[in-house]
Amino acid sequence: MAADKASRPAVSVVVPVYNVEGYLRECLDSLCAQTLGDLEVVCVDDGSTDGSLALIREYAARDPRIAVFTKPNSGYGASMNQGIARAHGEYIGILESDDFIEPAAFEVLYRAAKEHDAEAVKANYFYYWSKPQPKSELVPSIDAGLAGFGDPREKTGVFSLAPAVWSALYRRDFLEENGIRFLETPGASYQDASFNFKVWACARRAVFLEEAFVHYRQDNESSSVNSKEKVYCVCDEYAEMQRFLDGRPEVKERLQGILVWMKFTSYWWNYGRINDRFKPEFLARARQELGDDLRAGRLDRSLFEPWKEALLGALLKSPEAFEDWLVQRPGKINTFRRYYSTGGWPLVIKVLRGKFQRAGK
């Protein structure tokens, strides 16, 4: 049961936990050190088999702001949804249990949220490596052109950002009113993708900050690229985004083309990282889905950069044409052939127009 308004903390931070004993202490220490005192930490253990559960119970025993919940292993999405359901805060933050966060993070995010009565606040973050020497590198995805307050639907660059759902703050009643939850596919990956899209599809008042707070660990990556079961998780996420958008005709017309652009970009990225033995089957699946989008009138070519439109055209033509397009061949004649073969004269003209515009600047 939710706390009444008088006893409600400003921010609840949901921490999904699964077998991260080696990193968890650094994560929890960073939360205990937050300068925002009015904080609740909701740890959800997803059936860990190492010492993670004992560790979060140790922290909860000495810090009353930390709550611990356990469940049988059922995946990240289920952990996140349970954490959000059990949170009492006015706003919801997320911190993954192998990451850590700057001390002033939630104070700054909450202050920005209250100043603008925002439904969401999004910030930059750092890539973090602990070996061979600790190193953090800024990921400046929110630049001066995107920073500030506004309606995300008017800042379409928001939809091209990496999901990074843990670099943000979300008003809890906004999530509830719009039915925004994670997809609970057991053992899946990419489950922040549909959550992130739903937030930006529904939000009207959002703040984007150039400041960075979360240190996103890069040396504890999962093996999803080598797991056949996880190759198609990205497809499940985009099917969920389409389902969500189909139920909201008031925003579908504006966002449908953007969603297909996002899908192609994500599928191309996923194709580049998965194990080679899965690529032919995944490519066939991507071609079928994007062909369905084309036939249903959901694809807006005007959103595609020329090279990306050419790559899409190659994929729709055949998997062989797609793979051939990825092979770089020097020379202007070869460049012309590449674009003409997948998009004809309209795409060639689009490429030339872009070159003339850049030259005129």
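**Exercise 1. In which helix is the place of Ser52, and is Ser52 buried or exposed?**

*Solution.* Note at the outset that this is a predicted model, so every value below is computed from predicted coordinates. Begin with the secondary structure: Ser52 has its place in helix 2, which covers residues 52–62. Next, take the accessibility: the relative accessible area of Ser52 is 0%, and because buried means under 20%, Ser52 is classed as buried. Then turn to the surroundings of this side chain, where a polar contact of 2.8 Å links Ser52 to the side chain of Asp50. Finally, once neighbours within four places in sequence are left aside, the residues in contact with Ser52 are Val17, Asn19, Val20, Glu21, Leu24 and Asp45.

**Exercise 2. Determine how the two faces of strand 9 are covered, and identify the bridge partners of Tyr170 in strands 4 and 6.**

*Solution.* First, sort the side chains of strand 9 (residues 168–171) by face: Ala168 and Tyr170 are on one side, while Leu169 and Arg171 are on the other. All four of these residues are buried, and both faces of the strand are therefore covered, given that buried means under 20% relative accessible area. Second, consider the pairing with strand 4 (residues 91–94), which runs in the antiparallel sense over 3 bridges; here Tyr170 is the bridge partner of Ile92. Third, consider strand 6 (residues 120–129), which also pairs with strand 9 in the antiparallel sense, over 3 bridges; in this case Ala120 stands opposite Tyr170.

**Exercise 3. Describe the surroundings of Lys263 in helix 9, and then state which residues form a nonpolar surface patch with Trp268.**

*Solution.* Start with Lys263, which lies in helix 9, residues 249–273. Its relative accessible area is 9%, and because the cut-off for buried is under 20%, Lys263 counts as buried in spite of being a lysine. Leaving aside neighbours within four places in sequence, Lys263 is in contact with Tyr238, Glu289, Leu290 and Asp293. For a separate view of the fold around this residue, compare sequence with space: Lys263 and Val234 are 29 residues apart in sequence, and their C-alpha atoms are 8.8 Å apart.

Now move along to Trp268, which also lies in helix 9. Trp268 has a relative accessible area of 32% and is partly exposed. Together with Trp307 and Leu326, Trp268 forms a nonpolar patch on the surface, and the accessible area of these residues together is about 260 Å².

Key: Residues numbered from 1 in each chain as written. Predicted model: local features only at pLDDT ≥ 70, side-chain atom pairs only at ≥ 80, totals over all residues. Heavy atoms only, no water. Buried < 20%, exposed > 50% of the residue type's maximum accessible area, 1.4 Å probe, protein only. Helix = DSSP H or I, 4+ residues; strand = E, 2+ residues; numbered from the N terminus. Pairing = 2+ DSSP bridges. Polar contact = N/O pair within 3.5 Å; in protein donor to acceptor, adjacent residues only side chain to side chain. Contact = heavy atoms within 4.5 Å. Patch = residues over 30% accessible without salt bridge, like charges linked within 9 Å, V, L, I, M, F, W, Y side chains within 5 Å. Areas by Shrake-Rupley, 256 points an atom, 1.4 Å probe, with all protein chains shown as cover. Salt bridge = Lys/Arg side-chain N within 4 Å of Asp/Glu carboxyl O.
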